[in-house]
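Here is a short report on helix packing, aromatic pairs and one loop residue. Please look over the sequence and the model before reading on.

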Amino acid sequence: MNSLDWAVLIGYFGVMVAIGLWSHKRIDDVGDFFTAGGRMPWWLSGISHHMSGYSAVMFTGYAGIAYTYGITSYVTWSFPIAIGIAIGAKLFAPRLNRLRSRLRVASPLEYLKNRYDLRTQQALAWSGVLLKIVDVGAKWAAIATLLSVFTGISLNQGILITGVVTGVYCTVGGLWADALTELGQFVIQFFAGIAMLVAVLAELGGVSALWTVWDRPELQGHAEPTAGPYTMTFLLAYLFIKTFEYNGGMWNQAQRYMATPDARAATRSAWLSSVLWLVWPLVLFFPMWVAPLLITPEKPDASDSYALMTEQLLPHGLLGLVIVGFFSHTMAMCSSDANAIAAVFTRDIAPVLSKSARTWTHRAGLLAARWSTVAFLALSMAIATQVNSPAFKDIITVVIKWVAGLMGPIAIPFMLGMLRAFRRSGPTAALVSWAAGLFAFWLTNYGLDGVELQIQIVSPVATSLVLYVLVGFLKPEDTPERDAVLDRINTDAPEDAPAPAAQPRG
């Protein structure tokens, strides 16, 4: 990087902070901070949903997979995500919107007190918060790894710089700041991705390289849709998991649907995000697929391949733009996760821990939301410094195994609890499925040796799903009050329809 690249990067950070300060004026209470007051346009929600779904891990961990195995990185990652979001466009997106518009909640998990009970809500809230601290820690480590390649600064310094800048704009501006910065980040990433694609095609002889390079010896096997550990079984398992994860199992994704004005807008938002996941990663991935023709990575897992190729092919200025693109993805995901976790802590956990939290004024609640965001970012940054320790092994292990494996047991009771078909499944089914899913994760990842990757990631969510349905059938716990919650989530009732009686927060 030279002074021009640094100017682009510093200018980007400045714009992000400015957007946060501008968004501050739109925040009056926790509803505005966490769900944009239900005023977010569907197209902005859709772009935000897409951008908050992936990070710089794509340019490190998945770049290594693309370098080694080729197009399987797309077929077994972004393609199933696109299909999963399309499935959820009608199934989950409108129901998530009605959590806010009909039940008047500001946190995705807030409805669980009435749908199940307080114990269930707390179990899902605490386990989800702890998982997200680790998940976001991996994202900080990924972007810091890229920054170290370009600038030579240490991993910890990179974590501190990105974390502080992200913390400023998302703490000040809430979900509005997240969505608006994600819009800007999408525009930046569009030009950066096109610039990288054009540079690679020019190096390989022109547009015809899109279809002529695949018979080169260096790319042998790169055109196979599945390869290595990423088999067809892995693809189906990943589709199963991502259908839950990207339709609300990741709480920041649920917030994007909650922030739209109504259920129809939430559905349109989901369709836009699905199309972006189907098309845009192809542009980003092609340079990674053909990287063996251009560079030799220094790391054994080739996670530095994209960064090295960027340095080699792009002139200064454009290099800075691509680096900004790396930052944009990670900061989008981390800031949106921070907002979602702050919502869960402020609305679901704090009122149980403190009596005073149950009677917070609008000002006090907003202050608590901002401090919760700061605390979450600080903890995740601390975890990021340990992401390459023996407990986590490396970035891609955390993202694929930990997040995919542990997200399911948390998502199953939360997501299926909104569907009438599972009305018989109550608190017992939710807690049993959650606990058994976590045990299945430990058993397949650490208790047994030689378990295949697809079994490791699918066994927790499959266990949770089977037990959630089975326990609900054997021990039905549907009540008129719980049915009333389901009625509000599943129908567009008039605005003045009476809401179900809420259980005490404490």
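At roughly what angle do the axes of helix 4 and helix 5 cross? This is a predicted model. In it, the axes of helix 4 (residues 61-69) and helix 5 (residues 72-91) cross at roughly 140 degrees and come within 8 Å. Helix 4 is therefore oblique to helix 5, since angles count as roughly antiparallel only over 145 degrees. Helix 4 contributes Y62, I65, A66 and Y69 to the contact. Helix 5 contributes T72, S73 and W77.

**Aromatic pairs**

The count of aromatic pairs comes to 19. Two of these pairs are set out here.

| Pair | Distance between ring centres | Angle between planes | Class |
|---|---|---|---|
| Y74 and F79 | 6.3 Å | 45 degrees | tilted |
| F285 and W289 | 5.9 Å | 5 degrees | stacked |

Why is the pair F285 and W289 stacked? Its ring planes lie at 5 degrees, and planes under 30 degrees apart count as stacked. The pair Y74 and F79 is tilted because its planes lie at 45 degrees, neither under 30 nor over 60.

Burial adds detail. Y74 has 10% relative accessibility, so Y74 counts as buried. F79 is partly exposed, at a relative accessible area of 33%. F285 and W289 are both buried. These two residues are four apart in helix 13, so about one helical turn separates them.

F285 and W289 also belong to a cluster linked by ring pairs. Its other members are Y62, W77, W214, Y246, W277 and F286. Y62 and W77 appear in the contact between helix 4 and helix 5 as well.

**A kinked helix**

Helix 11 (residues 232-249) has a kink of about 30 degrees. The kink is centred on K242. How many of the residues of helix 11 are buried? The number is 13 of 18, so the helix is mostly covered.

**A loop residue**

T260 sits in the loop between helix 12 (251-258) and helix 13 (263-289). Is T260 buried or exposed? T260 is buried, because its relative accessible area is 0% and the cut-off for burial is under 20%. A polar atom of the T260 side chain lies 2.8 Å from the backbone oxygen of Y257.

What does T260 touch, leaving aside neighbours within four places in sequence? T260 is in contact with G38, M40, W42, S45, N97 and R100. A265, A266 and S269 are also among its contacts.

How values were computed:
Residues numbered from 1 in each chain as written. Predicted model: local features only at pLDDT ≥ 70, side-chain atom pairs only at ≥ 80, totals over all residues. Heavy atoms only, no water. Bend = angle between axes of the 7 residues up to and from the residue. Buried < 20%, exposed > 50% of the residue type's maximum accessible area, 1.4 Å probe, protein only. Polar contact = N/O pair within 3.5 Å; in protein donor to acceptor, adjacent residues only side chain to side chain. Contact = heavy atoms within 4.5 Å. Phe/Tyr/Trp six-rings, centres within 6.5 Å; stacked < 30°, edge-to-face > 60°. Axes fitted to C-alpha atoms, helices over the stretch in contact; angles between N-to-C directions. Parallel < 35°, antiparallel > 145°, perpendicular 65-115°, else oblique.
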